[in-house]
Amino acid sequence: MKFFNTLTRTTEEFVPANPPHVGLYTCGPTVYNYAHIGNLRAFMFEDVLRRYLEYRGYQVRHVMNITDVEDKIIRTVRESGKSLKEVTEFYTQEFLRDLATLNIKSAHVLPRATESIPAIIELISKLVENNHAYVGEDGSVYYSIRSFKDYGKLSHFKLDELQATGRVQHDEYTRESASDFALWKSWDEADGDVKWASPWGLGRPGWHIECSAMSMQHLGASFDLHCGGEDLIFPHHEDEIAQSEAATGKPFVRYWLHNAHLLVEGKKMSKSAGNFFTLRDLLAKGWTGREIRYVLLSTHYRKQLDFTFDGLQAARSALQRLDEFLLKLPDAAGPICPVIAGFEAAMDDDLNISAALAAVFEFIRESNKNGAPPGALAMWQRVDTVLGFGIPGKASVPAEIQALVDERQAARKAKNFKRSDEIRDQLAQAGWVIEDTPQGPRAKRVAG
RNA sequence: GGCGGGUUUGCCAAGUGGGAAGGCGGAGGUCUGCAAAACCUCUAUGAGUCGGUUCGAUUCCGACACCCGCCUCCA
């Protein structure tokens, strides 16, 4: 199995440090608002990654942090008059619900930054002792980028090539170099009750340090996989490497995987453009979690994805065709048939989902034409542990619906087509479609 | 300015130095009392533009055009 490693910018064979165990850390949400569809693409990619690793027999330990203390959260707390805990707990639960809607597997460990303060302080202390960090006048602690000679190895930026932008100059904190970043931010009045005691006085952790502390706490000083959106490459992940490796002297992460962002209807998602969607927005428009799942995972994770309503419609049609196929498969009994040709080869190749889905649809067409191989349903159950679309139940037709189907069939036999068409309309009203197949009528529930 | 990605059929989207997957849509067909549903078949002599290398390029190299991302707390 091969992955494109951001660190080397090449596609490399994946070899875990300690097989069959795999340590996977994925950067989680900052819980001050609902996740939007762009956020969810990242979690979808990570879900497919994890599921495929498990499919391949690895025992994955998946850790995803919840960032529950941060500037934007504090602003929300201040503006809402609620407590930090109230705000972050609410959005954390909403986030987990979104993941469930999309059938994204929950991480095994979901550490919160606010529950990891001791580990964070310990890590910062180590960096201060090592002279990789220093305490500013106001009691904030900063990481000294110049102290880490490999700084820039992930993003491939050179320090002197970094263009200073407005944000650097506007920073309210004191530090020696504009590019140094805060490990610990000293408390001020605007922070309200959000504060913890530390060797440097009251304050709160910076953003990057929490991921270093929590990932190493749960996965060790070195682990296999670390993922996130491509925007996190710099500075977030670059800074994580600097902090972690300066503290431990060991290589932090072996494979870095990053997903590209998405556009909505060809444009960058923004509230002012009116193309900003949360999952609840899409559900309210009548789209289902699995349709959204299909759209989000069907484009390769390193390619920019254009999220459109045409795409959702296409996903709906494709899934209907898949469901139709699965419903006609005989129940599994006996041996499983070989996995769809090409599926694993495609997924092994840096999760080439497009090619994998192409293999799936070729299999469907071939099976429709010449009959599915025995054990196909059991095989699909295994494939679906990766795709996560779910397998439609052989829907039981309610008795009153079946009675109408039978009555219509009797009317047809008696050539009473007026009556049979009435019943057909009636069934349509109730959300059922009749398929008159050579084997007789079949009632099918229609979506929407 | 620095670093990086992209441009494939109506839309979405793969692979590949030697006649371009797959999905959606569209067209035709099978089935049907008629439909619908379902299924089958077909649907890019051409891959942003111009050069080069090669027996041969969509695939390699070089220009150019356009689009996009990152450049200090946005997945």
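Which residues does threonine 92 touch, not counting residues up to four places away in sequence? In this predicted model, threonine 92 touches Val31, Ile66 and Arg112 when those sequence neighbours are set aside. The surrounding chain A has 15 helices and 15 strands, and buried residues make up 50% of its 448 residues. The points below take up the chain as a whole, then several single residues, then the cysteines, and finally the empty spaces.

**The chain as a whole**

- Along its principal axes, the C-alpha trace of chain A spans about 95 × 50 × 35 Å.
- Among the contacts in chain A with a separation of 6 or more, 76% are accounted for by residues that stand 24 or more positions apart.

**Threonine 92**

- Threonine 92 belongs to helix H3, which covers residues 84–101, and this threonine counts as buried because its relative accessibility is 2%.
- A polar atom of the side chain of threonine 92 lies 2.6 Å from the backbone oxygen of threonine 88.

**Valine 383**

- Valine 383 is found in helix H13, made up of residues 376–387, and with a relative accessible area of 0% this valine is buried.
- Leaving aside neighbours within four places in sequence, valine 383 is in contact with Tyr55, Val339 and Phe343.
- Alanine 242 is 141 residues away from valine 383 along the chain, and the C-alpha atoms of these two residues are separated by 39 Å.

**Leucine 159**

- Leucine 159 sits in the loop that runs between strand S6 (141–143) and helix H5 (166–170), and its relative accessible area of 33% makes this leucine partly exposed.
- Not counting residues up to four places away in sequence, leucine 159 touches Ile145, Tyr151 and Ser179.
- One of these partners, serine 179, is 20 residues from leucine 159 in sequence, while the distance in space is 8.4 Å from C-alpha to C-alpha.

**Cysteines**

- How many disulfides does a search of the whole structure find? The search finds zero disulfides.
- For cysteine 211, the closest cysteine sulfur is that of cysteine 27, and the 3.9 Å between the two sulfurs is too far for a bond, because a disulfide requires a pair of cysteine sulfur atoms within 2.5 Å.
- Cysteine 227 is likewise in no disulfide, and the nearest cysteine sulfur, again that of cysteine 27, is 8.9 Å away.
- Are cysteine 211 and cysteine 227 buried or exposed? Cysteine 211 counts as buried because its relative accessibility is 1%, and cysteine 227 counts as buried because its value is 0%, where the cut-off for being buried is under 20%.

**The second largest pocket**

- The second largest pocket has a volume of about 680 Å³, and its lining is formed by 25 residues, of which Asp323, Leu327, Pro392, Lys444 and Arg445 lie nearest the centre.
- The elements that give two or more residues to this lining are helix H9 (289–297), helix H10 (309–328), helix H14 (399–413) and strand S15 (440–445).
- Of these elements, H10 gives the most to the lining of the second largest pocket, contributing seven residues.
- Sorted by class, the lining of the second largest pocket has eleven nonpolar, four polar and ten charged residues.

**Cavities**

- Rolling a probe the size of a water molecule over the atoms shows where empty space is left.
- The count comes to two cavities of 30 Å³ or more, and the largest cavity has a volume of about 100 Å³.
- The residues that line the largest cavity are Arg41, Met44, Phe45, Val48, Leu296, Leu297, Thr299, His300, Tyr301, Met347, Leu351 and Ile353.
- Helix H1 (37–55) and H9 each supply at least two residues of this lining, and the largest share, four residues, comes from H1.
- By class, the lining of the largest cavity has nine nonpolar, two polar and one charged residues.
- Helix H9 therefore appears in both descriptions, since H9 is among the elements that give two or more residues to the lining of the second largest pocket and also supplies at least two residues of the lining of the largest cavity, with helices defined here as DSSP runs.

Note on methods
Residues are numbered from 1 along each chain as its sequence is written. Chains are lettered from A and ligands numbered from 1 in the order in which they are written. This is a predicted model: local features need pLDDT of at least 70, side-chain atom pairs count only at pLDDT 80 or more; totals for chains, interfaces and linings use all residues. Side-chain values use heavy atoms; hydrogens and water are left out. Buried means under 20% relative accessible area, exposed over 50%, partly exposed in between (1.4 Å probe, protein chains only). A polar contact is a pair of N or O atoms within 3.5 Å; within protein, one must be able to donate a hydrogen and the other to accept it, and residues adjacent in sequence count only if both atoms are side-chain atoms. Contact means heavy atoms within 4.5 Å. On a 1 Å grid over the protein atoms alone, a cavity is a set of points where a 1.4 Å probe fits but cannot get out, and a pocket is an open set with protein on both sides within 12 Å along at least five of seven lines; lining residues have an atom within 4 Å of a point. Grid points are joined across faces, edges and corners, and a volume is the space filled by probe spheres set on the points. Ala, Val, Leu, Ile, Met, Phe, Trp, Tyr, Cys and Pro count as nonpolar, Asp, Glu, Lys and Arg as charged, and the others, Gly among them, as polar.
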